[in-house]
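Open the structure in your viewer and keep the sequence beside it, since this tour moves from the whole chain to single pairs of residues. At each stop you will be told what to select and what to look for there.

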Amino acid sequence: MSDSARENESNGTSVVEPPKVKPKKRAKPVPSKNNPKPQPPYAVVVLNDDDHTYPYVIDALCKVCHHPSEKAFKLAEQIDHTGRAIVWTGTFEVAELKRDQIRGMGPDFYAALPVMYPLGVVLEPLPQ
């Protein structure tokens, strides 16, 4: 009888056990066309100024970032009180698009005198 078989002496039957195999170590995945390396995240940051109104900023955040009006209002408050707020995060290419869309919202006609320059928006890499 082999080493992988053992005999049960009480009832005379044999049990075959599979040989023990060490598990293989997995190699780290290598980026390829089918498995691309993840892109680092970027933040779209809106900066405060004294000319753009809350309704204008809220409209911009709702239209471009698809935030509900309540969240857009809270972000507008954060921009007003701290001077800046991260309004969206994602890949660099989409962050560039969001930045350009916010800048391209047009004049702020909610203000007493229309504000003709765009909101201040910058992109910042996020830590990984």
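Helices and strands here are DSSP runs, numbered from the N terminus, with H or I over at least four residues for a helix and E over at least two for a strand. What you have on screen is a predicted model, in which local features need pLDDT of at least 70 and side-chain atom pairs count only at pLDDT 80 or more, while totals for chains, interfaces and linings use all residues. Residues are numbered from 1 along each chain as its sequence is written, and side-chain values use heavy atoms, with hydrogens and water left out.

**The whole chain**

Begin by colouring the chain by secondary structure, which comes to three helices and five strands. If you follow the chain from the N terminus on, the elements run β-β-β-α-α-β-α-β. Next, show the surface: the chain exposes about 9600 Å², of which carbon and sulfur atoms supply 56%, these areas being found by the Shrake-Rupley method with a 1.4 Å probe.

**Strand β3**

Now select residues 42–47, which make up strand β3. Is this strand largely enclosed or largely open? Five of its six residues are buried, so β3 is largely enclosed by the rest of the structure; buried means under 20% relative accessible area, with a 1.4 Å probe and protein chains only.

**The sheet around it**

Add residues 84–90, strand β4, which pairs with β3 in the antiparallel sense over six bridges; two strands count as paired if DSSP finds at least two bridges between them. Here you can pick out Val46, which stands opposite Ala85 in β4. Then add residues 120–125, strand β5, which also pairs with β3 in the antiparallel sense over six bridges. Zoom in on Val45, which stands opposite Val122 in β5, and on Leu47, whose bridge partner in β5 is Gly120.

With these selections shown together, you can see three strands forming an open, antiparallel sheet in the order β4-β3-β5. The edge strands, β4 and β5, each pair on one side only.

**The helix on the sheet**

Finally, select residues 69–82, helix α2, which packs on the sheet and touches β3 and β4, where a contact means heavy atoms within 4.5 Å. The direction of α2 makes about 130° with that of β4; axes are lines fitted to C-alpha atoms, for helices over the stretch in contact, and angles run from 0 to 180 degrees between N-to-C directions.

Key
Buried < 20%, exposed > 50% of the residue type's maximum accessible area, 1.4 Å probe, protein only.
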